[in-house]
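The following note sets out some points on the model shown below, for the attention of a structural biologist.

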Amino acid sequence: MPFAPKQLTMADADTVLSQGLSAIAGGDAEIDLGSLQHFDSSAVAALLAWQRAAHDAGKTLHVAHLPPELASLARLYGVDQLLPR
């Protein structure tokens with residue numbers, strides 16, 4: 001079952017980031033953002049950190065249901081090409 005956060009804002013970024021890293025370390029290589037209701041720029045940072053962790057573990061991270069607004073935010077920061085698809 002993929003890791004599926006419901007919120008990823010500055011207020012809870014440390015917790016959600018750690019949960020995602022734990023999921024990746026446990027063998028999960030998919031993040032499902034279909035239930036993500038609230039997010040800010042910290043979500044972009046978390047996605048990049050999860051991507052790096054998966055890469056370091058020799059895995060390919062897959063992100064399902066990336067919200068268009070989050071993809072737009074990543075484009076704004078110029079890192080959209082770095083995000084997993």
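1. Contact pattern. The model is predicted. Among contacts in the protein chain between residues at least 6 apart in sequence, 82% link residues that are at least 24 apart.

2. Fold and overall dimensions. Three helices and four strands make up the secondary structure of the protein chain, and their order along the sequence is β-α-β-β-α-β-α. The protein chain is as compact as a globular protein of its length, because its radius of gyration of 11 Å is close to the 12 Å that the globule rule gives for 85 residues. Along the principal axes, the C-alpha atoms occupy a box of roughly 30 × 25 × 20 Å.

3. Burial and surface. Buried residues account for 41% of the 85 residues of the protein chain. The exposed area of the chain is about 4,800 Å², of which carbon and sulfur atoms supply 55%.

4. Charges. The protein chain has 5 positive and 9 negative charges. The mean positions of these two sets lie 5 Å apart.

5. Geometry of helix α2. Does the length of this helix agree or disagree with expectation? Helix α2 covers residues 41–56, and its 16 residues should span 22 Å at 1.5 Å a residue; the end C-alpha atoms are 23 Å apart, which agrees. After α2 comes Gly58, which has a positive phi, near 80°.

6. Packing of helix α2. The buried residues in α2 are Ser42, Ala43, Val44, Ala46, Leu47, Ala49, Trp50 and Ala54. An α-helix has 3.6 residues a turn, so residues three or four places apart point the same way. Against which elements do the buried residues of α2 pack? Their partners include the strands β1 (7–8), β2 (30–32), β3 (38–39) and β4 (62–64), as well as the helices α1 (13–25) and α3 (68–77).

7. Pro68. This proline is found in helix α3. Is Pro68 buried or exposed? Its relative accessible area is 59%, and because exposed means over 50%, Pro68 is exposed. The C-alpha atoms of Pro68 and Phe39 are separated by 12 Å, with their positions 29 residues apart along the chain.

8. His62. Strand β4 contains His62. With a relative accessibility of 42%, His62 counts as partly exposed. His62 and Pro2 are 60 residues apart along the chain, and their C-alpha atoms are separated by 9.5 Å.

Notes. Residues numbered from 1 in each chain as written. Predicted model: local features only at pLDDT ≥ 70, side-chain atom pairs only at ≥ 80, totals over all residues. Heavy atoms only, no water. Helix = DSSP H or I, 4+ residues; strand = E, 2+ residues; numbered from the N terminus. Rg over C-alpha atoms; globule rule 2.2 N^0.38 Å. Buried < 20%, exposed > 50% of the residue type's maximum accessible area, 1.4 Å probe, protein only. Contact = heavy atoms within 4.5 Å. Areas by Shrake-Rupley, 256 points an atom, 1.4 Å probe, with all protein chains shown as cover. Lys, Arg positive; Asp, Glu negative; His and termini not counted. Charge placed at Lys NZ, Arg CZ, Asp CG, Glu CD. Expected span 1.5 Å × (residues − 1).
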